[in-house]
Amino acid sequence: MPGDTNGYGRLFGGRLAEWIDIVAAVVARRHSGQEVTTVSMDDLNFKAPAYANETVVLIGRVTYVGRTSMEVRVDTYAENLRGERSMINKAYVVMVALDENQKPAPVPALLLETDEQKAEWAAGEKRRELKTRLSAAVM
């Protein structure tokens, strides 16, 4: 819509980040059955723009889970009037499940059935290890 685009008719990156956060929260809530909060958003790579009059399609899925956290991959596509889609963004969002006291709560395991799911899991493990090392190095 016009309010979501800049002077060049391109979707605002911040608006897309907001939509990605919403999709990630819905996916994480469905997986955990609990309220969730955003911990981080990384690998927010803008590969191409979305223009006014295109439909923005966001698809999210859980790719990795820890004890209380879930990594959600959100793929974003721009779809033209002919129904052709092109990927414009891929992002990974880490969400934490919350109990009734707003404290981190355990989440269900993730069932890995395909080679693609197993590869995403392995990549999620590496991202988590890297974040842990970076966090320790900063402190």
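Of the 139 residues in the protein chain, 37% are buried. Keep in mind as you look around that this is a predicted model.

Let's start with the overall build. The protein chain contains two helices and four strands, and along the sequence they come in the order α-β-β-β-β-α. Contacts often bridge long stretches of sequence: among those between residues at least 6 apart, 64% join residues at least 24 apart.

Here are some whole-chain values for your notebook.

| Property of the protein chain | Value |
|---|---|
| Span of the C-alpha trace along its principal axes | about 40 × 35 × 35 Å |
| Exposed area | about 8500 Å² |
| Share of the exposed area from carbon and sulfur atoms | 54% |
| Distance between the mean positions of the 18 positive and 19 negative charges | 3 Å |

Now for the inside. The largest nonpolar core holds 25 residues, and Met70, Val72 and Met95 have the most contacts within it. Two or more residues of this core come from each of helix H1 (13–32), strand E2 (55–65), strand E3 (69–79) and strand E4 (85–98). H1 gives the largest share, with seven residues.

Which residues is Met70 in contact with, leaving aside its neighbours within four places in sequence? The list includes Ala28, His31 and Ser32, together with Val36. Tyr64 and Val65 also touch Met70, as does the run Val93, Val94, Met95, Val96 and Ala97. Val107 completes the set. Met95 therefore appears twice in this account, if you would like a pair to find on screen: Met70 and Met95 are in contact, and both are among the core residues with the most contacts inside it.

Conventions: Residues numbered from 1 in each chain as written. Predicted model: local features only at pLDDT ≥ 70, side-chain atom pairs only at ≥ 80, totals over all residues. Heavy atoms only, no water. Buried < 20%, exposed > 50% of the residue type's maximum accessible area, 1.4 Å probe, protein only. Contact = heavy atoms within 4.5 Å. Areas by Shrake-Rupley, 256 points an atom, 1.4 Å probe, with all protein chains shown as cover. Lys, Arg positive; Asp, Glu negative; His and termini not counted. Charge placed at Lys NZ, Arg CZ, Asp CG, Glu CD. Core = buried A, V, L, I, M, F, W, Y, C linked by side-chain atoms within 4.5 Å.
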